[in-house]
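Here are a few notes to help you find your way around this one. Have the model open and follow along point by point.

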Amino acid sequence: MNNEKTQGELLKEKLTYKQKNAWEHSEKEIQQAFELCDEYKKYLDEGKTEREFCSVVEKQLVKAGYENLNELMIKGTKLKQGDKVYYINKGKSAIFAVIGQEPLTGGINMVGAHIDSPRLDLKPNPLYEGAGMVLLKTHYYGGIKKYQWVTIPYALHGVVIKADGTKVEISIGEDDKDPVFTITDLLPHLAQEQMQKKATAVIEGESLNILFGSMPLKDDKVKDKIKLNILKLLNEKYGMVEEDFISAELEAVPAYKARDIGLDRSMIGAYGQDDRVCAFTCVKAMLNLVQPEKTALCILTDKEEIGSMGNTGAQSSLLKNFVSKLLYLSTDNYSDILTNQCLENSKMLSADVNAAVDPTYESVNEKSNSSYMGNGIVIQKYTGSRGKYDASDANAEFMAEIRNLFNKEGIIWHSSEMGKVDLGGGGTIAQYVANLGVDVLDCGVPILSMHSPIEISSKIDVYMSYKGMKVFLESK
C-alpha cells in the first residue's frame with residue numbers, strides 16, 4: 001500500500017488553517033486539566049459575588065507572599081525585582097503584580113478579566129407582603145433572559161451596612177442546612193395569555209420577586225404580620241431593621257454548586273463562569289509565575305456586565321493609579337510621563353468568554369469564525385456588535401505575536417467572532433485598557449448557555465486558557 005501523501009494532501013497540510021481538538025492531546029495534560037478544574041470549582045462555589053471572589057483571591061495572594069501596595073506606599077518601601085504586590089479596590093475589584101527583571105518603562109505584560117456576573121439585586125426597599133406571603137423585589141443586573149431565572153433555588157449573598165456603620169456579611173442558601181429562596185411562575189393551566197407573549201415579555205422585570213416567607217407573627221393588633229415576623233428574624237440573626245436594606249448590597253444568585261457535566265465529566269456546569277472562568281485562569285497563571293522578565297500584572301474588574309462604569313469598573317482609574325504607584329516605588333524621579341510611557345509599551349490579554357457553538361442553535365453562528373467547546377482558548381481580534389461598535393480591534397502585529405507564541409508553546413487555540421454579524425455581539429474590558437495606549441487582544445474560554453443560571457465550560461479549554469495566560473505573562 002502506498003502511504004506517501006499526494007501533492008494536494010501536502011499542500012493542504014502546509015497551507016490551510018484547521019482548528020484542533022484539545023482533548024486529542026497528551027494524557028498527562030488531560031489529567032492536569034481535571035486537577036486544575038477541581039480547584040476551579042471550589043473558586044466558583046466560594047466566590048459567587050464580586051466581593052466574595054475578591055476575598056478568595058486576596059487570601060491566595062497573601063498566602064503566596066504578596067504585600068499590600070498601599071501599605072508599602074505609606075512606608076515608602078522601594079520595589080525590587082521579584083516583589084509581589086496587590087491592591088483590593090473597595091472590596092469589589094483587585095489588581096496585583098510581580099516585579100520583573102526589566103524596567104517598568106519598557107512595558108508590562110497584563111492579563112485582565114471581570115468578576116461580576118448577571119444576577120438579581122435586591123431593590124433598596126425590597127420587602128413586601130401579599131396573599132399570605134412575603135416577597136423581595138429585585139432589579140436584574142446585566143443582560144439576562146428573564147424567563148430562565150424563575151422556579152430555581154436562590155441563595156442570598158452580600159453585605160448590610162447598619163445605621164451605626166457596622167458591616168454584616170450575609171450568605172444564606174449555600175449550606176445544605178440553609179433555606180433557599182425562589183421566584184414563582186404561573187402554572188400551565190392558567191398561562192394561556194402569558195404563553196402568547198414574546199420571550200422578552202413572558203416574565204417582566206417587576207415579576208422577578210423572590211419568595212421569602214409565609215409565617216405570621218402571632219399578634220392580632222398589627223398589620224403585615226408576615227413581614228413583621230421576617231423583620232423579627234432578620235433582627236435576631238443580623239441586628240437589622242428595615243431601613244438597613246437601603247444601605248445594603250444583597251444579591252440573589254443561583255443556589256447551585258459547581259458540578260461536572262457529562263458522563264465523561266469533561267465539562268463544568270456552574271453559575272457565574274462568565275467571567276470567573278477567565279479570572280480564575282488569570283489568577284492561577286500569576287500565582288504560578290517564577291520570575292518573569294517583564295513585570296506581570298493582573299486586573300480583575302467589577303461592573304463589566306453593565307458597561308464597566310464606576311470606581312470599581314474598567315473605566316475607572318484603578319489600572320493607571322496602580323501602575324503609577326509601581327513606578328513611584330521603583331524610580332527615584334517619578335513623573336506622569338513615566339506612567340504613560342509604561343502603558344504605551346504594555347500589552348494585555350483581555351480574558352473574557354466567547355459563545356461556543358451550540359449544536360441545537362447552530363444557525364446563529366458563522367461556522368468558520370466561531371468558537372467550539374474543546375478546541376482550546378479562543379482569541380478574538382475584536383468584539384463589539386453590528387459593525388464592531390464598542391469594540392477594541394487588536395492590530396495585526398499583536399495578533400501575530402500571540403498566535404506565534406501560542407504555537408511555539410503548544411497552546412491549543414482558535415480564532416472566533418461572537419455570532420453572525422447582524423445578530424448581536426458583546427463587549428469586554430479591552431476597549432477601556434486600549435484607550436490607555438496598551439496593545440490589547442481579547443481571548444478566553446468558549447461557554448454554552450451564557451448569562452443563564454448555569455453556564456457550561458469544557459475542562460480542557462479552562463486548562464488551555466490557564467496555559468495561555470501563563471506563557472504570555474512569562475514572555476519577553
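1. Start at I268: its bridge partner in β23 is S457. Keep in mind as you look that this is a predicted model. The two strands involved, β13 and β23 (residues 455-458), run antiparallel and are joined by four bridges.

2. β13 (residues 267-270) also pairs with β12 (residues 259-261), again antiparallel, through three bridges. To find the register, look at R259, whose bridge partner in β13 is G269. β12 and β13 make a hairpin, with five residues between them. Check G262 in that turn: its phi is positive, about 95°.

3. Now move to the open sheet of nine strands. Reading across, the order is β1-β2-β3-β14-β4-β15-β21-β17-β19, and the pairing is mixed. Why do β1 (67-68) and β19 (413-415) each have one side without a neighbour in the sheet? They stand at the edges and each has a single partner strand, so nothing in the sheet flanks that other side.

4. Within this sheet, β2 (residues 84-89) and β3 (residues 93-98) are worth tracing: they run antiparallel, with six bridges between them. One pair to pick out is N89 and its bridge partner in β3, S93.

5. Which helices lie across these strands? Helix α7 (residues 273-287) lies across β3, β4 (108-114), β14 (295-301), β15 (347-351) and β21 (439-444), and runs at about 150° to β4. Helix α10 (residues 396-408) lies across β15, β17 (377-380), β19 and β21, at about 75° to β15.

Key. Residues are numbered from 1 along each chain as its sequence is written. This is a predicted model: local features need pLDDT of at least 70, side-chain atom pairs count only at pLDDT 80 or more; totals for chains, interfaces and linings use all residues. Side-chain values use heavy atoms; hydrogens and water are left out. Two strands pair if DSSP finds at least two bridges between them. Contact means heavy atoms within 4.5 Å. Axes are lines fitted to C-alpha atoms, for helices over the stretch in contact, and angles run from 0 to 180 degrees between N-to-C directions.
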